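Biologist: I should like to learn how to read individual features in a model of this kind. May we begin with a single residue and work outward?

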Amino acid sequence: MNAVGSPRFASRWLELRERADAAARAPELLRPLQEWLAARTGPPGLVIRDLGCGTGSMARWLTVRLPGPQRWVLHDHDPDLLALAGTRMPGTAADGTPVTATTATGDLAALTAADLAGTSLVTASALLDLLTVAEVEALAEACTRAGVPALLALSVAGRVELTPADPLDEALTDAFNAHQRRTDQGRALLGPDAVAAAVVAFERRGARVQVKPSTWRLGCAESALIAEWLHGWVGAAQAQCPELTPAAAAYLSRRLQECAAGELQVAVHHTDLLALPGGGG
């Protein structure tokens, strides 16, 4: 989940969101992916590279939904997260065949088609929105030139819905989205524009692209995740628009009280993208 130049992500946050991520991911994209892979994969099975893997939640979700032997290469900048990911992989695939995993650190934006030689699939979760246009273009170029499909999940869509509504919801959403599109150490992040940029980048190179919604729908059972999300969401909005700080502090206090009482529901919209090279599928 770590992109180039991004901060280290706490394993607690990644663990809190794993169940919501699993429930949100778009299962409709699995069938075309499975058909594409089945037509092109023989012994010794699949080689899957998970970019910005974090603690490995994407790999844990997908491993048991794909048949056949699998060798995963887990990429991240954070060695602590990589260590967790490497020890938490399932041992078998959907059909009981073996799964193995190795870990790798490095510059995700520097991946080339040559690096993907022998790769069956590239995956990532909550990564696209942390990239720049140039980095998305480079990822699309590497995947399509190597003939490797990409399953890129849970990119922020820029829309949230909180129930009950609050007059400050819209202003905070706008400020958060601006923060997602900020320039960080000279890198202009795409934020909610990432999926649209990826669709253009992959389709320009002849890939067949499908996108599906993957929305978090959180209620009282996810109160710990909602509380952590609220702190991060409001904090990012304040960092982008400091003039919101007094009102935002009171807003956060109200929302946390509603969350603790089981009265708050949150929908955080994301998008999953599947790109099959060469118009395949």
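Modeller: Certainly. This is a predicted model. Glu137 counts as buried because its relative accessibility is 19%, and the cut-off for buried is under 20%. Glu137 belongs to helix H5, which covers residues 133–146.

Biologist: Which residues is Glu137 in contact with, leaving aside its neighbours within four places in sequence?

Modeller: They are Ala201, Arg204 and Arg205. With Arg204 there is also a polar contact, side chain to side chain, at 2.8 Å. As for the backbone, the C-alpha atoms of Glu137 and Glu203 are 11 Å apart, although 66 residues separate the two along the chain.

Biologist: How do the axes of H5 and helix H7 cross?

Modeller: The two axes come within 9 Å, at an angle of roughly 35°, H7 being residues 194–204. The crossing is right-handed. On the H5 side, Val136, Glu137, Ala140, Cys143 and Thr144 take part, and they meet Ala197, Ala198, Ala201, Phe202 and Arg204 of H7. By class, this contact has seven nonpolar residues, one polar and two charged.

Biologist: Is Asp21 buried or exposed?

Modeller: Asp21 is buried, because its relative accessibility is 3%. Its place is in helix H1, residues 11–24. Not counting residues up to four places away in sequence, Asp21 touches Leu154 and Trp216. The side chains of Asp21 and Trp216 are joined by a polar contact of 2.9 Å.

Biologist: What is the phi of Leu154?

Modeller: The general idea comes before the case. Most residues other than glycine have a negative phi, and most peptide bonds are trans. Leu154 has a positive phi, near 60°. Leu154 is found in strand S5, and it counts as buried because its relative accessible area is 1%.

Biologist: Where does Gln185 lie, and what is its phi?

Modeller: Gln185 lies in the loop between strand S6 (183–184) and strand S7 (187–188). Its phi is positive as well, near 55°. Gln185 is exposed, because its relative accessible area is 68%.

Biologist: Which residues does a cis peptide bond join, with omega about 5°?

Modeller: One such bond joins Pro43 and Pro44. Pro44 sits in the loop between helix H2 (30–38) and strand S1 (46–51). The bond from Thr163 to Pro164 is also cis, with omega near 5°. Pro164 is in the loop that runs between strand S5 (150–163) and helix H6 (169–180).

Key: Residues are numbered from 1 along each chain as its sequence is written. This is a predicted model: local features need pLDDT of at least 70, side-chain atom pairs count only at pLDDT 80 or more; totals for chains, interfaces and linings use all residues. Side-chain values use heavy atoms; hydrogens and water are left out. Helices (H or I, at least four residues) and strands (E, at least two) are DSSP runs, numbered from the N terminus. Buried means under 20% relative accessible area, exposed over 50%, partly exposed in between (1.4 Å probe, protein chains only). Contact means heavy atoms within 4.5 Å. A polar contact is a pair of N or O atoms within 3.5 Å; within protein, one must be able to donate a hydrogen and the other to accept it, and residues adjacent in sequence count only if both atoms are side-chain atoms. Axes are lines fitted to C-alpha atoms, for helices over the stretch in contact, and angles run from 0 to 180 degrees between N-to-C directions. A crossing is left-handed if the near helix is turned anticlockwise from the far one by less than a right angle, and right-handed if clockwise. Ala, Val, Leu, Ile, Met, Phe, Trp, Tyr, Cys and Pro count as nonpolar, Asp, Glu, Lys and Arg as charged, and the others, Gly among them, as polar.
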